[in-house]
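Q: Please take a close look at one part of this predicted model, the loop that carries several charged side chains, and set it in the context of its surroundings. A connected account would be preferred to a list.

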Amino acid sequence: MRTLIRSLGELCITAGLVLLLFVAYELWGTGAYTSGQQDQLSKQLDKQWNTKRTVTTSEKVHLGQGMALIRIPRLGKNYHYVVIEGVTVADLRKGPGHYPGTALPGGIGNFVVSGHRTTYAAPFNRVDELRDGDKILVDTQDKQYIYQVTGEKVVMPTQVDVTEPVPFHAGARPTKHLITLTTCHPKYSAARRLVVFGELMQEIPRVNTVVS
């Protein structure tokens with residue numbers, strides 16, 4: 001009996017260590033992967049943007065490639081991520097992803113970006129801290145678009161109309177330049193979605209190189 005109890009105890013300790021290692025990987029190991037991907041994407045975007053040829057908004061960005069740079073001052077001066085074109089599992093492991101088919105940065109309609117909240121560097125971990133009036137800066141090759149947060153809402157995962165050109169109004173013709181950030185809610189759960197809305201307030205020439 002003592003041998004059985006000791007064996008069970010050892011199994012429980014081993015299982016606990018395996019679980020601890022798994023959690024550590026989910027929180028920190030995946031973040032290291034994303035950081036490496038972001039470094040590569042930053043270099044690629046910097047090289048592309050510093051060529052003489054200007055990328056027009058009508059050109060198609062290939063899935064999995066970097067297409068913009070997002071900064072949110074409320075979340076710190078070092079907060080910056082390359083936005084990936086695409087929202088597949090593989091895309092979002094590289095960083096926040098732009099929903100294909102939604103507006104491009106600065107365009108009329110809804111520029112929709114999704115990101116992880118707890119794993120893979122958790123780019124949208126603190127978006128619940130954003131308040132009305134906070135700025136969201138989106139850089140492209142030649143412009144910086146300055147959006148202003150206008151509100152937030154928690155919705156069910158099935159409520160995909162938040163990605164419509166006019167959020168919650170499928171089929172409506174857009175007249176504004178909007179941004180929508182989506183992530184899981186609450187933290188460590190995918191039960192619902194936290195959605196942050198914003199509207200374009202200003203656009204200025206981009207003068208900074210890509211931050212790596």
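**The loop between E4 and E5**

A: In this predicted model, Asp-134 and Arg-74 form a salt bridge whose closest N and O atoms are 2.8 Å apart. The two residues belong to distant parts of the chain, 60 residues apart: Asp-134 lies in the loop between strand E4 (109-114) and strand E5 (135-139), while Arg-74 lies in the loop between strand E1 (66-71) and strand E2 (80-85). The partners also differ in burial class. Asp-134 has a relative accessible area of 13% and is therefore buried, the limit being under 20%. Arg-74, at 43%, is partly exposed.

A second salt bridge joins the side chains of Arg-117 and Asp-128, with an N to O distance of 3.3 Å. Both of these residues lie in the loop between E4 and E5, so this pair ties together parts that are eleven residues apart in sequence. Here the arginine is the buried partner, since the relative accessibility of Arg-117 is 5%. Asp-128, by contrast, counts as partly exposed because its relative accessibility is 29%.

Glu-129 and Arg-126 supply a further salt bridge, their side chains meeting at 2.9 Å, N to O. Neither partner is buried: Glu-129 is partly exposed at 30% relative accessibility, and Arg-126 is partly exposed at 33%. The search of the whole structure finds five salt bridges, among them the three described here.

The loop also takes part in an aromatic contact. The structure holds three aromatic pairs. In one of them, the ring centres of Tyr-33 and Tyr-120 are 6.3 Å apart and the ring planes stand at 85°, so the arrangement is edge-to-face. This pair again links distant parts of the chain, with Tyr-33 in helix H1 (residues 2-49) and Tyr-120 in the loop between E4 and E5, 87 residues apart. Tyr-120 is buried, with a relative accessible area of 12%, whereas Tyr-33 is partly exposed at 40%. Another edge-to-face pair is formed by Tyr-79 and Tyr-81, with 5.2 Å from centre to centre and 70° between the planes. Both of these tyrosines are buried.

The strands that flank the loop belong to a closed barrel of eight strands, which runs E1-E2-E3-E4-E7-E8-E6-E5 with mixed pairing. E5 pairs with strand E6 (residues 143-155) in the antiparallel sense over five bridges, and the two strands form a hairpin with three residues between them. Within this pairing, Leu-137 has Ile-146 in E6 as its bridge partner, and Asp-139 stands opposite Gln-144 in E6. E6 in turn runs antiparallel to strand E8 (residues 192-205), to which twelve bridges join it. One of the residue pairs across these two strands is Glu-152 with Val-196 in E8.

As for confidence, the mean pLDDT of the chain is 87, and 80% of its residues reach 70 or more. Residues 12-27, however, have a pLDDT below 50, and in the model this stretch has seven contacts beyond near neighbours in sequence. Where pLDDT is low, the predicted coordinates should not be read in detail.

Key:
Residues are numbered from 1 along each chain as its sequence is written. Side-chain values use heavy atoms; hydrogens and water are left out. A salt bridge is a side-chain nitrogen of Lys or Arg within 4 Å of a carboxyl oxygen of Asp or Glu. Helices (H or I, at least four residues) and strands (E, at least two) are DSSP runs, numbered from the N terminus. Buried means under 20% relative accessible area, exposed over 50%, partly exposed in between (1.4 Å probe, protein chains only). Two strands pair if DSSP finds at least two bridges between them. pLDDT is the predictor's confidence in each residue, from 0 to 100. Contact means heavy atoms within 4.5 Å. Rings of Phe, Tyr and Trp (its six-membered ring) pair if their centres lie within 6.5 Å; planes under 30 degrees apart count as stacked, over 60 as edge-to-face and the rest as tilted.
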